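User: I am preparing for a tutorial on reading protein models. May I put some questions to you about the structure shown here?

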Amino acid sequence: MQVNQRKFDVVIVGAGGSGLRCALQLARAGLDVAVLSKVFPTRSHTVAAQGGISASLGNMSEDNWYWHMFDTVKGSDYLGDQDAIEFMCREAPSAVYELEHMGMPFDSNPDGTIYQRPFGGHTANLGEKPVQRACAAADRTGHALLHTLYQQNVAARTHFFVEWMALDLVRDADGDVVGVVAMEMETGEVTLLQAKSTVLATGGAGRIFGASTNAYINTGDGLGMAARAGLPLQDMEFWQFHPTGVAGAGVLITEGVRGEGGILLNANGERFMERYAPTYKDLAPRDFVSRSMDQEIKEGRGCGPNKDHVLLKLDHLGAETIHKRLPSIAEIARKFANVDCTKEPIPVVPTIHYQMGGIPTNIHSQVLDVSADGAEHVVSGLYAIGECACVSVHGANRLGTNSLLDLVVFGRAAGNHIAASDRVKAGHKALPGDATDRPLARLARLDASRDGEPIQDVANDIRASMQKHCGVFRTAELLSEGVREINRIAGRVSSIHLKDKSQVFNTARVEALEVENLIEVAKATIVSAEARKESRGAHSHRDYTERDDVHWLKHTLWYAQDNRLAYRGVQMKPLSVETFKPKARTF
């Protein structure tokens, strides 16, 4: 197969919030930047973020970055790296004001300042009381963010490769990343994109689960590429279940509904969160609320004929407030739950939403590897940002609205570091002779396949197995069984076949390549979860119900080779303040 070749200063894989923010920083610095995206940039999954972006602006009441940092560390169940968390929370106000100055249409107060709403786990004075910290554009904050950044990139003349799929990273003999091999989805043509620096901004991988708020494009492509390149995936056992997905549909109902005053009710009409979190109530962190909802359902207080969900009541807010602050939610409730939320509650259930783990990086977004002797080192030429990265600012559980903040803070940080680096000022490193061998072999195997299984049968079995074995509550038996089953499915992935090789846009070929990424993420998740013998954040283990800081206050590193696990310490020392020492999480 003929392989085209192009050169850029920087190649960014992914055109969501983090990729666009990084690209903008680099394009404004005068660098030649290429951004690859499987979909048109404004259709990236960032567009689905609803509730807000957190920053301690103090527009509604007193607030500061230190309180934001405390909430993030506590929310992470103390698995977050405190230097990265301090960096993110300190940078938050300037990152939000930058967006406002770019034209992002935040809701505003009568005095012209940015409106802020309460959100789960956001508090004043180190947990004393809730605080309004989430800066919102109604309930379409991600949509506003993505369109704002895309428009700025168009003005900065960023190169976009739309409907292209990255296949594999290119590493040279020194282990440096020198580019990426990608395929144009319409034609199937393969191009080697040589770069001085490569940035992975490919988003999450929530499609490894059967019930997910994630778009169909969220197939862990960056994670699969990193794993195949011999790099570790960190903390993949931690997946956040969003408390309020529409029952039966999985479509997200933003936490902003509860921030505006919505409440959760069981079949008895009780506001049950008052029992589980007497201080924070419905605005406790997401892992806590999800487990509380699951407990209500398991104990027979679920709603509906199958008693399999609870209700989210917001009609008491009034139709005017709902249509002003939550217009998309009213539309989602009508289309996906067939209810008028100004008059009746929405049926909701915990749904997989966000991966806390990912490709390990430092606060400059440089990808890290760990050698056999435990020494950490930077992978030269490679950066990771956004949901595919693990800085780690989210630890074992992400606070709502910290996701959009993560995108813009570390997208900007990566851009600044690349622009100032010696590498980007030097010439391109030579490409290895085998630069395209692995991706071409993958494509050749798919094209030669005849008798394997249909792609979607294998993909659906991955999702069904992960949903069954790695859900809200986990047990040793379920996880062990899940490891065996996912390993069996992994053997089937290599024999999937393309039913119709003539399909327009190479749909079947793209789906097959995505399944190869999904299985890497599924293996990383189930193997890491089976090994962690404690309950922490989103990893709730029925057989090990307590958090174990003595043995498990550490990050998991999974390597694709031999399904191997290693561990690295949590960075407990912040940049400039005292360590927040682990304490029991009460709300």
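User: Which cysteine sulfur is closest to that of Cys-135, and why is there no bond between the two?

Analyst: In this predicted model, a disulfide requires two cysteine sulfur atoms within 2.5 Å. The sulfur of Cys-135 is 13 Å from its closest partner, so the pair is too far apart for a bond. Cys-135 itself is buried, with a relative accessible area of 0%. The closest cysteine sulfur belongs to Cys-89.

User: How far is the sulfur of Cys-341 from the closest cysteine sulfur?

Analyst: Cys-341 counts as buried, at 1% relative accessibility. The closest cysteine sulfur is found in Cys-303, and it is too far away for a bond. The separation of the two sulfur atoms is 17 Å.

User: How many disulfides does the count come to by this rule?

Analyst: The rule asks for cysteine sulfur atoms within 2.5 Å of each other. The sulfur of Cys-135 does not meet this, with its closest cysteine sulfur at 13 Å, and neither does that of Cys-341, at 17 Å. The number of disulfides counted is zero.

User: Which helix gives the most residues to the largest nonpolar core?

Analyst: The largest nonpolar core has 77 residues, and those with the most contacts inside it are Val-11, Leu-200, Ile-359 and Met-466. A second, separate core has 57 residues, including Ala-23 and Phe-410. For the largest core, the greatest contribution is 13 residues, and it comes from the helix spanning residues 507-531, namely H16.

User: Among the residues with the most contacts inside the largest core are Leu-200 and Ile-359. Which tyrosine is in contact with Leu-200, leaving aside neighbours within four places in sequence?

Analyst: With those sequence neighbours left aside, the contacts of Leu-200 include Val-13, Leu-169, Met-225 and Ile-359. They also include a run of residues from Leu-382 to Ile-385. The tyrosine in the list is Tyr-383.

User: Is Glu-514 buried or exposed?

Analyst: Glu-514 is found in helix H16. Leaving aside neighbours within four places in sequence, Glu-514 is in contact with Lys-38, Met-165, Thr-219 and Asp-221. Its relative accessibility is 12%, and buried means under 20%, so Glu-514 counts as buried.

User: Which element gives the most residues to the lining of the second largest pocket?

Analyst: The second largest pocket has a volume of about 550 Å³ and is lined by 21 residues, with Phe-288, Arg-291, Ser-535, Ser-540 and Thr-545 nearest its centre. By class, the lining has four nonpolar, nine polar and eight charged residues. Helix H8 (286-298) and strand E20 (540-541) are the elements that give two or more residues. The largest contribution, four residues, is that of H8.

User: What is the volume of the largest cavity?

Analyst: A search of the whole structure finds four cavities of 30 Å³ or more. The largest cavity is lined by Phe-241, Asp-287, Ser-290, Arg-291, Val-472, Ala-538 and Ser-540, and H8 gives the most to this lining, with three residues. Its volume is about 50 Å³.

User: Which helix gives the largest share of the lining of the second largest cavity?

Analyst: The second largest cavity has a volume of about 40 Å³. Its lining includes Asp-71, Lys-74, Gly-75 and Tyr-280, and by class it has four nonpolar, two polar and two charged residues. The largest share, three residues, comes from the helix of residues 65-75, which is H2.

User: Where is the cis peptide bond that leads into Ser-392?

Analyst: Ser-392 lies in the loop between strand E18 (389-390) and helix H11 (402-420). The bond in question has omega near 10°. It runs from Val-391 to Ser-392.

User: Thr-401 has a positive phi although it is not a glycine. Is Thr-401 buried or exposed?

Analyst: The place of Thr-401 is in the loop between E18 and H11, and its phi is about 80°. Its relative accessible area is 3%, so Thr-401 is buried.

User: Asp-562 also has a positive phi. Is Asp-562 buried or exposed?

Analyst: Asp-562 has a phi of about 65° and sits in the loop between strand E21 (554-559) and strand E22 (564-569). Exposed means over 50% relative accessible area. At 69%, Asp-562 therefore counts as exposed.

Terms used:
Residues numbered from 1 in each chain as written. Predicted model: local features only at pLDDT ≥ 70, side-chain atom pairs only at ≥ 80, totals over all residues. Heavy atoms only, no water. Core = buried A, V, L, I, M, F, W, Y, C linked by side-chain atoms within 4.5 Å. Buried < 20%, exposed > 50% of the residue type's maximum accessible area, 1.4 Å probe, protein only. Contact = heavy atoms within 4.5 Å. 1 Å grid on protein atoms, 1.4 Å probe; cavity = no way out; pocket = protein on both sides within 12 Å on 5 of 7 lines; lining within 4 Å. Points joined across faces, edges and corners; volume = space filled by probe spheres on them. Nonpolar A, V, L, I, M, F, W, Y, C, P; charged D, E, K, R; others polar.
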